[in-house]
Amino acid sequence: MKDFIDLRSDTVTQPTPAMRKAMAEAEVGDDVFGEDPTVNALQRKVANILGKEAAIFVPTGTMANQLSIRSHTQPGDEVIVEASSHPYNFEGGGGSALSGVQFHCLVGLRGILDASQIEEAIRPDDHHFPITRLVCLENTHNRGGGSIYPIAKMVEIYRLAKSRGLLVHLDGARLWNASVAAGVQPNEYAQWADSVSVCLSKGLGAPVGSLVAGSRPFIDRVHRFRKMFGGGMRQVGILAAAGIYALDHHMERLKEDHQNAKRLALGLKELKGISVDPDHVETNMVIFDVVNTGMTAPQVTEAMKREGVLIHAFGKMHIRLVTHLDVPNEDIDRALQAFERVLGRTTGSTR
Ligand code: TLP
């Protein structure tokens, strides 16, 4: 029985009965010995989908990013990231603690960087400076509001990186959303990065699991660090089975999430004191500002909770909504009605 409409994140989904069945029936073995057939099948499948030599299963998207950073860099190196990116902001300072790197932050447009910005940020070859080693991109970009990296920009950035001896890591926690929304295959995106992390536990609805994909020597290096970071798991085919099920059954339906996010944004635009641009909704997220409601974002969040709708406030002004497979069409209408009760309409207020 579902009490709340949960729009806080696409990480909150429950495994479906069919997914649980696939998990229960999974063939398993000790993956630290490389003997879990379901994990091996998932790794081959994701490497194939991304057009990479190899892939490795890890517990979380955070570990996938941090292992990639650790495996690409040496302590003291500099990593170019977008200022609101996940690895820089939401991974507990892992870049400095686990890899000893420093981040060079550039401000993108809804998270999207231009090759020219990166070019300017690359350090000269001089002993005063850190060595610029890696560029991290995020597609879709979380704090950018689920924005899609235009493939042309990724190509430009990758070509620049190669011409300057840099590596590129793609945080593709929601690459599936970008792919379905833009009609660009995951491998078309992935070819413009040396390593890619992807999550099964976001829009695809698996309870756990991420992978890193890349060249065979790179994944061998990630494998060593995965052990060091404590991410080597045992009969984990139970989780890999959920991932395989999710890739096979939950990819195409992401379109519904994107339509629902757009519908939320269009509905919110009609309400009082909100600043939202539905044209900026490209995938399954809506980020909007409360500008003139007489309430802060946390107060709106509290009021919505009393209406049975969970949303995520960040800062005083900003709210994020994320659609996913446990938010059916009719819940979008119910959520909008709740927003209307809390905020009122621009014309003909209901309060
Ligand atoms: N993002 C979570 C929170 O950590 C903010 C969310 O609710 O969106 N990369 C990106 C782009 C992500 O959005 C996330 C999760 C991760 C990596 C980390 O994945 P996990 O939570 O599996 O460590």
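How far is an oxygen atom of the ligand from an N or O atom in the side chain of His86? The distance is 2.9 Å, and the views below start there. The model is predicted: local features need pLDDT of at least 70, side-chain atom pairs count only at pLDDT 80 or more, and totals for chains, interfaces and linings use all residues. Residues are numbered from 1 along each chain as its sequence is written, and side-chain values use heavy atoms, with hydrogens and water left out.

**View 1. Polar contacts of the ligand.** Besides His86, the side chain of Ser9 brings an N or O atom to 2.7 Å from a ligand oxygen, and Thr62 places a polar side-chain atom 2.6 Å from one (a polar contact is a pair of N or O atoms within 3.5 Å).

**View 2. The shell around the ligand.** Here 14 residues surround the ligand, with Ser9, Thr62, Asn142, Asp171 and Arg174 the closest (near means a heavy atom within 4 Å). Helix 3 (residues 61–72) gives the largest share, three residues (helices are DSSP runs of H or I, at least four residues; strands are E, at least two).

**View 3. Phe288 meets Phe339.** Their rings form an edge-to-face pair, 5.9 Å centre to centre with 80° between the planes (rings pair if their centres lie within 6.5 Å; planes under 30 degrees apart are stacked, over 60 edge-to-face, the rest tilted). Phe288 belongs to strand 10 (residues 285–290) and Phe339 to helix 14 (residues 329–343), so the pair ties together parts 51 residues apart in sequence.

Definitions and conventions
Phe/Tyr/Trp six-rings, centres within 6.5 Å; stacked < 30°, edge-to-face > 60°. Polar contact = N/O pair within 3.5 Å; in protein donor to acceptor, adjacent residues only side chain to side chain.
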